[in-house]
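Here is a small set of exercises to work through with the model open beside you. Try each task before reading its solution.

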Amino acid sequence: MSFPAEIFAQALNGLSYGVLLFLLSVGLTLIFGMLDVVNLAHGSLYMLGAYAGLTIIAFAGSFWLALLVAPIALGLVGAAIERGLLRPLRVRFPDSHLLPLLLTFGLGLFFEGAAKVVWGADIVSLDKPAALAGAVTLGRITFPAYWLFALVAAAVLAVLVWLVVERTPLGLSIRAATQDPTMAAVLGVNVRRLTTIVFALGSGLAAAAGVILGTMTSLSPQMGGGIVLDAFIAIVIGGLGSFTGAIVGSLLLGQVQSFGVALFPAFHTPLVFLVMAVVLVLRPSGLFGGGARR
């Protein structure tokens, strides 16, 4: 493989990972923007989405059904978490940011333990659909067909989310509540309902990422830790609470990960934190962050 072809292959790998990372980071950043809470259970929702896909494939034998049903199921779980646990806690302790953080941390541990009980601690994997088992040749590059599917599927989901957030009345309300939930509520926006919708949307997208990535990586109850850390770093780079920042941060981090593994295999993890440190030194609120809202 020639040098330009190698660069193109790594860039395509980074783009694939970046758009999948965005499916995780968008939920995190919108939830933070509305509640000032970092959802530490987000990685576990991603993990549960992958295991839900595993269960659906085992019973129905269809990857496509798993990709459809798992996000819906985890979206309902996310809505239940917000309505049944997080909202009552915030109503009772409206000035506390620590208690919601501890709640989501505890939920993450609970879901991880529950996954070990239900599915066991052994490492398993999702089967690729037979139609995507081969490879695709792009010029001089041979690329797994499933990786291209993952890139296209994640990109389509990302574009749909962007259209909803940027081009619909619901998205306008979400953006207003993300920037200043108090002012949005004064103007008549139902912030509580929007919070439930955003939790459900973020959880569903995390589950979709879990099903798509589950065939490319191994499944374990601890699988959410690494990728959700990357999602946190992406939104810190892009700017906490910024939808645009989640997109740019995820795509940038995808490239850093891809080229870092290829060029500096022993240093690629510190390289990610180095990039984050450089961005924060130059722009403490992130590339698209606007600083503290209140």
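A residue counts as buried under 20% relative accessible area, as exposed over 50%, and as partly exposed in between. Keep in mind that this is a predicted model.

**Exercise 1. The two sides of H6**

Task: Find the buried residues of helix H6 and decide where they sit around the axis.

Solution:
- Step 1. Helix H6 spans residues 169-179, and its buried residues are Gly-171, Ile-174, Ala-177 and Thr-178.
- Step 2. These buried residues are on the same side of H6, because they cover an arc of only 125 degrees around the axis.
- Step 3. Now turn to the face of H6 that points away from the buried side: Pro-169, Leu-172 and Gln-179 are the exposed residues there.

**Exercise 2. Salt bridges and their surroundings**

Task: List the salt bridges of the whole structure and classify each partner as buried or partly exposed.

Solution:
- Step 1. The search returns 2 salt bridges. As a reminder, side chains of opposite charge can pair when their charged atoms come close.
- Step 2. One salt bridge joins the side chains of Arg-87 and Glu-82, at 3.2 Å from N to O. Arg-87 has a relative accessible area of 16%, so Arg-87 is buried. Glu-82 has 4% relative accessibility, so Glu-82 is buried as well.
- Step 3. Another salt bridge joins Glu-166 and Arg-175, with 3.9 Å from N to O. Glu-166 is at 22% relative accessibility and therefore partly exposed. Arg-175 has a relative accessible area of 27%, so Arg-175 is partly exposed too.

**Exercise 3. What H8 meets**

Task: For Arg-192 and Ala-200, name the contacts beyond four places in sequence.

Solution:
- Step 1. Arg-192 lies in helix H8, which covers residues 191-214. Ala-200 belongs to helix H8 too.
- Step 2. With residues up to four places away in sequence left out, Arg-192 touches Glu-82, Arg-87 and Val-91. Glu-82 and Arg-87 are also the partners of the 3.2 Å salt bridge.
- Step 3. Check the backbone: the C-alpha atoms of Arg-192 and Arg-83 are 8.9 Å apart, although 109 residues separate them along the chain.
- Step 4. Ala-200, leaving aside neighbours within four places, is in contact with Gly-75 and Ala-79. The C-alpha atoms of Ala-200 and Val-77 are separated by 7.3 Å, with these positions 123 residues apart along the chain. At 22% relative accessibility, Ala-200 is partly exposed.

**Exercise 4. Two pockets**

Task: Describe the largest and the second largest pocket by volume, lining and residue class.

Solution:
- Step 1. The largest pocket has a volume of about 510 Å³. Its lining has 22 residues, with Tyr-17, Leu-213, Met-216, Thr-217 and Ile-227 nearest the centre. Helices H1 (3-35), H9 (224-238) and H10 (243-263) are the elements that each give two or more residues to this lining, and H1 gives the most, with 6.
- Step 2. By class, the lining of the largest pocket holds 10 nonpolar, 11 polar and 1 charged.
- Step 3. The second largest pocket has a volume of about 370 Å³. Of its 14 lining residues, Met-34, Leu-35, Arg-90, Val-191 and Arg-192 lie nearest the centre. Two or more residues each come from H1, H3 (63-92), H7 (181-186) and H8, and H3 gives the most, with 4.
- Step 4. The lining of the second largest pocket divides into 7 nonpolar, 2 polar and 5 charged residues.

Conventions:
Residues numbered from 1 in each chain as written. Predicted model: local features only at pLDDT ≥ 70, side-chain atom pairs only at ≥ 80, totals over all residues. Heavy atoms only, no water. Buried < 20%, exposed > 50% of the residue type's maximum accessible area, 1.4 Å probe, protein only. Arc of directions from axis to C-beta. Contact = heavy atoms within 4.5 Å. 1 Å grid on protein atoms, 1.4 Å probe; cavity = no way out; pocket = protein on both sides within 12 Å on 5 of 7 lines; lining within 4 Å. Points joined across faces, edges and corners; volume = space filled by probe spheres on them. Nonpolar A, V, L, I, M, F, W, Y, C, P; charged D, E, K, R; others polar. Salt bridge = Lys/Arg side-chain N within 4 Å of Asp/Glu carboxyl O.
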